Amino acid sequence: MVATVSDLTPREQASEVLLKVENVELRFGGVRALHDVGFEIRKGQIFSIIGPNGAGKSSMLNCINGFYHPTSGTLTYKGQPRKHMRPYVTASQGIARTFQNIALFKGMSTLDNIMTGRHLKTKASLLENAFWFGRARREELEHRRFCEEIIDFLNLQHVRKTPVGTLPYGLQKRVELGRALAAEPELLLLDEPMAGMNLEEKQDMARFILDVNDEYGTTICLIEHDIGVVMDLSDRIVVLDHGEKIGEGTPREVSNDPKVIEAYLGVQEQESA
Ligand SMILES: Nc1ncnc2c1ncn2[C@@H]1O[C@H](COP(=O)(O)OP(=O)(O)OP(=O)(O)O)[C@@H](O)[C@H]1O
């Protein structure tokens, strides 16, 4: 199927390509999760991937962060083509991720959960860490300062010592965002950050996503089913259906694309009627 792809805006053209996805194919035995998918994410964009259930959205994020390896095709991150990258390596190269289902340490406090996001930044040796001297001590204090800054940024001061398992769902999702930010990512992958939230929680999360993009300059790749949120937040959108790209463009272009309306947006409207 040939997707409609619109031109970039002048602002998008001016920024460099951070991630290029080309002809990506992903198969699980007889299941074809992705077929010939390609797009570019430019520095500073909020880029969304949308589509019906089973369209291949999470599979695409899993390919980007190295959890899945494409059967064929290429991902080029910061100019480097990547094959068979491990999640640990992608994380150390500046790609962080939140998950559809919250994946926090429930018994640990907000601060300690966010601190776990800093471990890739640790340079002190095992010995220095064991005795907490020199570099280990300086690093720990610096990490703590950075995490406290994130706690302030995300308005989590009132729950900084609270075990996250006792927090309302919307706050847990915010802590998960904080943990991803602790890694100081260049590319932040958000897998359904608003799923299961009420309207107020969604509005808060949408504001934080915009603030992260604006204040930290983080490029964001978002999967979200709430189409209103996607249209409000995104600079650019790719639409998948049955593993294939069926459209790409600005929110306005995508929402007027007959192919996208037929495959996805029409269904969404019926569901919300
Ligand atoms: N690990 C796996 N093993 C086998 N099949 C898989 C695996 N992961 C995904 N799939 C299949 O790939 C297809 C795309 O799934 P994926 O989860 O990427 O879709 P999605 O668009 O994220 O869906 P949803 O919106 O429901 O989360 C589906 O048919 C799914 O069953």
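Entry 1, ligand shell. I began with the ligand and found that helix H2 gives the largest share of the shell around it, three residues. I note that this is a predicted model. I then listed the residues that surround the ligand: Phe28, Val31, Ala33, Gly51, Asn53, Gly54, Ala55, Gly56, Lys57, Ser58 and Ser59. Looking at which elements contribute, I found that strand S3 (31-42) and helix H2 (57-64) each supply at least two residues of this shell. I sorted the shell by residue type and got four nonpolar, six polar and one charged.

Entry 2, length of H8. I turned to helix H8, residues 199-216, and checked its span. Its 18 residues at 1.5 Å a residue should cover 26 Å, and I found the end C-alpha atoms 25 Å apart, which agrees.

Entry 3, sides of H8. Which residues of H8 are buried? I noted Lys202, Met205, Ala206, Ile209 and Val212. These residues cover an arc of only 120 degrees around the axis, so they sit on the same side of H8. On the face turned away from that buried side I found the exposed residues Glu200, Arg207, Asp214 and Glu215.

Entry 4, surroundings of H8. I looked up what covers the buried residues of H8. The cover includes two helices, H7 (169-182) and H9 (227-233), along with strands S8 (187-191) and S9 (219-223).

Entry 5, end of H8. I checked the backbone just after H8 and found that Gly217 takes a positive phi of about 70 degrees.

How values were computed: Residues are numbered from 1 along each chain as its sequence is written. This is a predicted model: local features need pLDDT of at least 70, side-chain atom pairs count only at pLDDT 80 or more; totals for chains, interfaces and linings use all residues. Helices (H or I, at least four residues) and strands (E, at least two) are DSSP runs, numbered from the N terminus. The expected span of a helix is 1.5 Å times one less than its number of residues. A residue is buried if 20 or more other C-beta atoms lie within 10 Å of its own, exposed if 12 or fewer, and partly exposed in between; C-beta atoms are placed from the backbone. The arc is that of the directions from the helix axis to the C-beta atoms. Two residues are in contact if their C-beta atoms, placed from the backbone, lie within 7 Å. A residue is near a molecule or strand if its C-beta atom, placed from the backbone, lies within 6 Å of it. Ala, Val, Leu, Ile, Met, Phe, Trp, Tyr, Cys and Pro count as nonpolar, Asp, Glu, Lys and Arg as charged, and the others, Gly among them, as polar.
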